[in-house]
Amino acid sequence: MAWRRGGLGCGLCLALAACGAAKPAPRTTESAAEDDATVVSATLATGPELCSNATDDNQNGLFDEGCGLSLGLVQFLAGWDAAKADVDLRVVDPNGELIEVGRVARSGLTKDRDCPGRASECQGRNLENVYLAEGQPIKGEYRLRLRLESLGGEAPPVRVRLGARLGAISRSYEVLLDAPEAEREIRFKL
Ligand SMILES: [Ca+2]
Ligand SMILES: [Ca+2]
Ligand SMILES: [Ca+2]
């Protein structure tokens, strides 16, 4: 399912912004964000749904469905192949609450794991998943930050695939994080 532009006429509006670690996060339009080489809009229908790639391979609007992953009407999924690299998917909900592993926020969002994990519990399939576990999506701004905590000996850049779903709208991105502490931020307004 293609991600539609803002001004949908259905009460749902989207605004995205992207920034590097060394510069402030200017609020931009979605198209301006797509001009940023580090955030690449992708609608890659490659066939049957593949697991653990944070990509909607079959373009049905769901990311990695049928893979034992928790899904929700709001979902942000980050995956990367560099097994030892520590990337963090940080989501702040419209209440200003950081979504953390093992706790359901008032917005109903939760996060299911932190990869690669202290004991490598992600087993080389690095996938951080923030999803709506309870209730209905709340309106407002959802702020996502992808941050490279450490390379863990992996060669830069670390290529991160990001899947974002807000209700009936979903979209995929690829983000390159080229050095420790590199960050990219994307904002979604529901
Ligand atoms: Ca899919
Ligand atoms: Ca997939
Ligand atoms: Ca992590």
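Let us start with a pair of strands: β3 and β6 run antiparallel and are joined by seven bridges. One of the residues to look for here is Arg 90, whose bridge partner in β6 is Arg 145. Keep in mind as you explore that this is a predicted model. In general, strands of a sheet pair through backbone hydrogen bonds, and the pairing can be parallel or antiparallel.

Now look across to the next strand. Seven bridges also join β6 to β9, and these two strands run antiparallel. Here Leu 146 has Arg 184 in β9 as its bridge partner. Put the pairs together and you have an open sheet of three strands in the order β3-β6-β9, with antiparallel pairing. Which strands stand at the edges of this sheet? They are β3 and β9; each has a single partner strand, so one side of each is left without a neighbour in the sheet. On average, neighbouring strands of the sheet are turned by 15 degrees against each other, direction ignored. Although β9 stands at an edge, this strand is mostly covered, with five of its seven residues buried.

Let us step back to the whole chain. The protein has one helix and nine strands, and along the sequence they follow the pattern α-β-β-β-β-β-β-β-β-β. The protein has 190 residues, of which 35% count as buried. How much of the contact between residues at least 6 apart in sequence joins residues at least 24 apart? The share in this protein is 60%.

Next, turn to the inside. The largest nonpolar core holds 35 residues, and the members that touch the most others are Val 87, Leu 146 and Val 160. Several strands feed this core: β2 (74-80), β3 (86-92), β5 (126-132), β6 (141-150), β7 (158-166), β8 (169-177) and β9 (183-189) each supply at least two residues. Val 160 is a good place to pause. Leaving aside its neighbours within four places in sequence, Val 160 is in contact with Ala 78, Trp 80, Val 87, Leu 146, Val 175 and Leu 177. Val 87 and Leu 146 thus appear both in this list and among the core members that touch the most others.

The loops have details of their own. Most residues other than glycine have a negative phi, and most peptide bonds are trans. With that in mind, look at the loop between β1 (39-42) and β2, where you will find Gln 59. Gln 59 is not a glycine, yet its phi is positive, near 55 degrees. Asp 64 lies in the loop between β1 and β2 as well, and it too has a positive phi, of about 55 degrees, without being a glycine. Is each of these residues buried or partly exposed? Gln 59 has 17 C-beta neighbours inside 10 Å and so counts as partly exposed, whereas Asp 64 is buried, because 23 other C-beta atoms lie within 10 Å.

Two cis peptide bonds are also worth finding. One joins Cys 115 and Pro 116, with omega about 5 degrees, and Pro 116 sits in the loop between β4 and β5. Another joins Pro 156 and Pro 157, with omega about -5 degrees; Pro 157 is in the loop between β6 and β7.

Our last stop is Arg 125, in the loop between β4 (109-111) and β5. This residue counts as partly exposed, because it has 15 C-beta neighbours inside 10 Å. Arg 125 and Cys 51 are 74 residues apart in sequence, and in space they are 9.6 Å apart, C-alpha to C-alpha.

How values were computed:
Residues are numbered from 1 along each chain as its sequence is written. Chains are lettered from A and ligands numbered from 1 in the order in which they are written. This is a predicted model: local features need pLDDT of at least 70, side-chain atom pairs count only at pLDDT 80 or more; totals for chains, interfaces and linings use all residues. Helices (H or I, at least four residues) and strands (E, at least two) are DSSP runs, numbered from the N terminus. A residue is buried if 20 or more other C-beta atoms lie within 10 Å of its own, exposed if 12 or fewer, and partly exposed in between; C-beta atoms are placed from the backbone. Two residues are in contact if their C-beta atoms, placed from the backbone, lie within 7 Å. A nonpolar core is a set of buried Ala, Val, Leu, Ile, Met, Phe, Trp, Tyr and Cys residues joined through C-beta atoms within 7 Å. Two strands pair if DSSP finds at least two bridges between them. Axes are lines fitted to C-alpha atoms, for helices over the stretch in contact, and angles run from 0 to 180 degrees between N-to-C directions.
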